[in-house]
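Me: I have a new structure open and could use a quick tour. Can we go through it piece by piece?

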There are 2 protein chains.
Amino acid sequence: MNIEDRILNKTLLSKVTTAEEAAKYIKDGMNVGCSGFTPCGYPKAVPLALADRVKNGEKIRIGLLTGASVGRELDEALAGVNAVSRRYPYQTGKLISKRINDGDTMYQDIHLSQVAQQQRYGFLGHLDVAVVEAVAIMGNGGIIPSTSVGNTPSFIQEADKVIVEVNTSQPMELIGMHDILIPKDPPYRQPILITDPSQRIGTSYMPCDPSKIVAIVPCDITDKTRPLAPLDETSKKMAANLLDFLEVDQGDTLPPLQSGVGNVANAVMAGLLDSKYTNINMWTEVIQDAMFDLIDSGKVNAISGTSLTPSPEGLERFYKDIKKYREKIILRPQEISNNPEIARRLGVVAMNTALEVDIYGNSNSTHMFGTRMINGIGGSGDFSRNGGLVVMLTPSIARDGKVSCVVPHVSHVDHTEHEIHIIVTEQGVGDLRGLDPREKVKVMIENCAHPDYRPALWDYYNRGRKEVGGHIPILLGEAFSWHVRFLETGTMKS
Amino acid sequence: MNIEDRILNKTLLSKVTTAEEAAKYIKDGMNVGCSGFTPCGYPKAVPLALADRVKNGEKIRIGLLTGASVGRELDEALAGVNAVSRRYPYQTGKLISKRINDGDTMYQDIHLSQVAQQQRYGFLGHLDVAVVEAVAIMGNGGIIPSTSVGNTPSFIQEADKVIVEVNTSQPMELIGMHDILIPKDPPYRQPILITDPSQRIGTSYMPCDPSKIVAIVPCDITDKTRPLAPLDETSKKMAANLLDFLEVDQGDTLPPLQSGVGNVANAVMAGLLDSKYTNINMWTEVIQDAMFDLIDSGKVNAISGTSLTPSPEGLERFYKDIKKYREKIILRPQEISNNPEIARRLGVVAMNTALEVDIYGNSNSTHMFGTRMINGIGGSGDFSRNGGLVVMLTPSIARDGKVSCVVPHVSHVDHTEHEIHIIVTEQGVGDLRGLDPREKVKVMIENCAHPDYRPALWDYYNRGRKEVGGHIPILLGEAFSWHVRFLETGTMKS
């Protein structure tokens, strides 16, 4: 298919150019908002061309905003040449993560539902250029997103200039799968009239004033999705524990499900396939491989998210049967998919993963030993604060048992004891609803912690109860002693 | 006015009885949901009668649910005789707080918007009895709340039995000030169609099946509201700092304001009186004295909350001019006043107070030294996670300068670095929007911390940056050393 067939607004054909020419619109010090949420639907040719200019000696550092993490042609190419001075709101690449932790790149980790409005409110600086992967451009200038929506509609609205990468590797059959609505800002904001994940409230394209489009770049580089690890026993056990719990707790029907990214989430979806549940609704952020199995099984009513994030095989499978999957999948702006209004209204079951949790039910999902940024909080905080049932999952141990993921005191708090209802490990389920912190301790240690660490956790708590007392007995002098011990001796065991 | 004139459903007159008789419906082990949010609109006669039974040797311990804190005839009377086995979701009394910290009373500190739904979902146990202060009972059994709404409408709906205290000290002119809507639970929940704080969407009464009303108790005990301390210089300075900031940041109009309870909040409201702003809207939880001044000044469009919480003089002033104030004030269920949907839609400026904040922008508003529960998180988390501009206020020092309220690491996290935009002390304003944690440090130390503690905070950070590095440099071994030093030596200064 020719690029011209994807540009229905024929006056825009004059804007078709090379990635190198388009990248010239991006100058040192600019803020650039890109499409992309997970390694899907991000621009590829223009950022590669930009990185080449830096490699060739030009001094360019930009503020980079996206939906969430993106593929290597964007984050890694630019971080590799240290061209990112500032980054919002989430990332997963090795190079960009190193830049952030080394202090080369300033990074704020923002609740994903809030990024677009914070950008519009001016919290994140003026947006100079939007670089957007598209399937096609409509006659009215409207841009059809590809495999993710993220913050792209709002970036297009706000940026001074728009560069469109029309990606011919993305099938035209994606048209019709998106549902785009940009909420007005207060005091004009209106209710978001979604009461069921299958509802559509917007347009199939992202509105764009054609005069803002300064360049259109043909591109055929494919999404670099990440391979999926085979399901490990620990993840399977965690998923089984959660599903057993849900079957008893929720009975015959489940509220719409939100599920984080990764192996554990995939295991939960795989578990659902074998469960009694039918008419499953997902109100979530990312759509992973196992959800295609669920659709194939006929057990799904609707899956609403902001991004596909399948494995390479999953993406191939999706492309092959896109017409079938399109009937069940809706991709929305993350401002809608993660909106507190909808999470609260639908009463979603929010299922996210933690790095570590503590005996009082706080969770850390972002900072290793409180310090080293892994990826970011993502949408977990949007859903945990506002969902109807809030689940955090973590294995009980990591690093061959040398780390307990149930600790006396988490080294960074992303989700607080006030908002987490259920904690699941491969050991069991901790149902913390309605419990006092001192009651939570028993549940956390006996149901969730690894047996190897239970005596030491009890020892910490019992001494705290005796020596300090209070509603949440903390031994301030040794709250982080387990982390310190690991850093000094290579194990949390004493 | 006679009690009969307040009971319009005449078949219910047969239920009029004494507090002692009514209290007999409450038995050991029951869960009791009471009206009341702050020391306003809580039942008085029945809990006093219940406490008397315990004093006389009867063994009664109950689970006690309210809107938030309540007056001494409820929390303190029952805690005084150790009759509260379990308490949700917020409290301020000395005796109840001691019971909680001593472990006599199990307490979970729940985001206030979520209490009613968590009760309906079964997270907090079955509700046996609701005890409700009322101004009057309608012909259809509908109950008119008095000076607060809280969780009462939902408790009435859910409880097996309802006891009504018709309080003749509460003027009939309160009728018409409330707006009651109980959201349906998922999957039937609908959008809450409020786009402006002045809108009404419900009924003026709390619906109640008359057959559930087992007793009606006449009562004339007044609300025991708390006196207001005169505005201190520190609070005035904090308020001035915040208002100066808002005038520049927000320009000529303010979004609806949410404001926590207490002295600092009152100072902010007092400051608004002298500001350029008119047509002020409040979308908040509690309505305090200074808001009456704002109404008197003609600068207010609407004030929406779930409770009045004036001083004794403020309450008198309100009663005296109730018809005037009623035109501007709407009291709603806390499920609505604190709802994430509305906070997000209106883009409220959320202004709450912290016990301590840290250099990375986390805040602790509940647990002294991480351990001792003061009151609870209240609605601050509902507004901080979902508001449009999120402000935390704290003085820079406490206890005559022996405590720095800006610390290396907060000892309990209620509001995370992901959600706080602005931190205000009497020293200045820390604008953290868009900043990396390492950038936040400079702002927090130079703008917010007390000069006496700045060198030590810089020393902690600089050593962390050098020795540990990473996105959030934490010295795990000494993160809580300031708290420990205070507990050991009586000062955080070394």
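Reply: Sure. One definition to start: two strands pair if DSSP finds at least two bridges between them. Keep in mind that this is a predicted model.

Me: OK, so how many bridges join β3 to β4 in chain A?
Reply: Two bridges join them. Strand β3 of chain A covers residues 84-88, and the two strands run parallel.

Me: And what stands opposite R86(A) in β4(A)?
Reply: That is M106(A).

Me: What order do the strands of the open sheet have?
Reply: The order is β4-β3-β2-β1-β5-β8-β9 in chain A. That makes an open sheet of seven strands with parallel pairing.

Me: Which are the edge strands?
Reply: β4 (106-107) and β9 (213-219) of chain A. Each of them pairs on one side only.

Me: Which strands does helix α2 of chain A lie across?
Reply: Helix α2, residues 45-55, lies across β2 (62-65), β5 (129-134), β8 (161-167) and β9 of chain A. The helix runs at about 115 degrees to β8(A).

Me: Switching topic. How many disulfides are there over all chains?
Reply: Zero, in a search of the whole structure. Take C448(A): the nearest cysteine sulfur belongs to C405(A), 12 Å away.

Me: Is C448(A) buried or exposed?
Reply: Buried, because its relative accessibility is 0%.

Me: Why is C405(B) without a bond to another cysteine?
Reply: Because the closest cysteine sulfur, in C448(B), is 12 Å from the sulfur of C405(B), too far for a bond. C405(B) also counts as buried, at 2% relative accessibility.

Me: Now the two chains. How many residues does the contact take from each?
Reply: 81 residues from chain B and 81 residues from chain A. The area buried between them is about 6,400 Å². Carbon and sulfur atoms give 50% of that.

Me: Which three residues of chain B supply more of its buried area than any other three?
Reply: R344(B), R385(B) and H418(B). They supply 14% of the area that chain B buries against chain A.

Me: How many salt bridges cross that interface?
Reply: The rule finds six. There is a salt bridge between the side chains of E341(A) and R345(B), at 3.1 Å, N to O.

Me: Last one. Where is T371(A), and what does it touch?
Reply: T371(A) is in the loop between β19 (367-368) and β20 (372-373) of chain A. Not counting residues up to four places away in sequence, T371(A) touches N101(A) and several residues of chain B, including V468(B), H471(B) and I474(B).

Me: Buried or exposed?
Reply: T371(A) counts as buried, because its relative accessibility is 6%.

Notes. Residues are numbered from 1 along each chain as its sequence is written. Chains are lettered from A and ligands numbered from 1 in the order in which they are written. This is a predicted model: local features need pLDDT of at least 70, side-chain atom pairs count only at pLDDT 80 or more; totals for chains, interfaces and linings use all residues. Side-chain values use heavy atoms; hydrogens and water are left out. Helices (H or I, at least four residues) and strands (E, at least two) are DSSP runs, numbered from the N terminus. Contact means heavy atoms within 4.5 Å. Axes are lines fitted to C-alpha atoms, for helices over the stretch in contact, and angles run from 0 to 180 degrees between N-to-C directions. A disulfide is a pair of cysteine sulfur atoms within 2.5 Å. Buried means under 20% relative accessible area, exposed over 50%, partly exposed in between (1.4 Å probe, protein chains only). Buried area is the accessible area (1.4 Å probe) that two parts lose on being put together, summed over both. A salt bridge is a side-chain nitrogen of Lys or Arg within 4 Å of a carboxyl oxygen of Asp or Glu.
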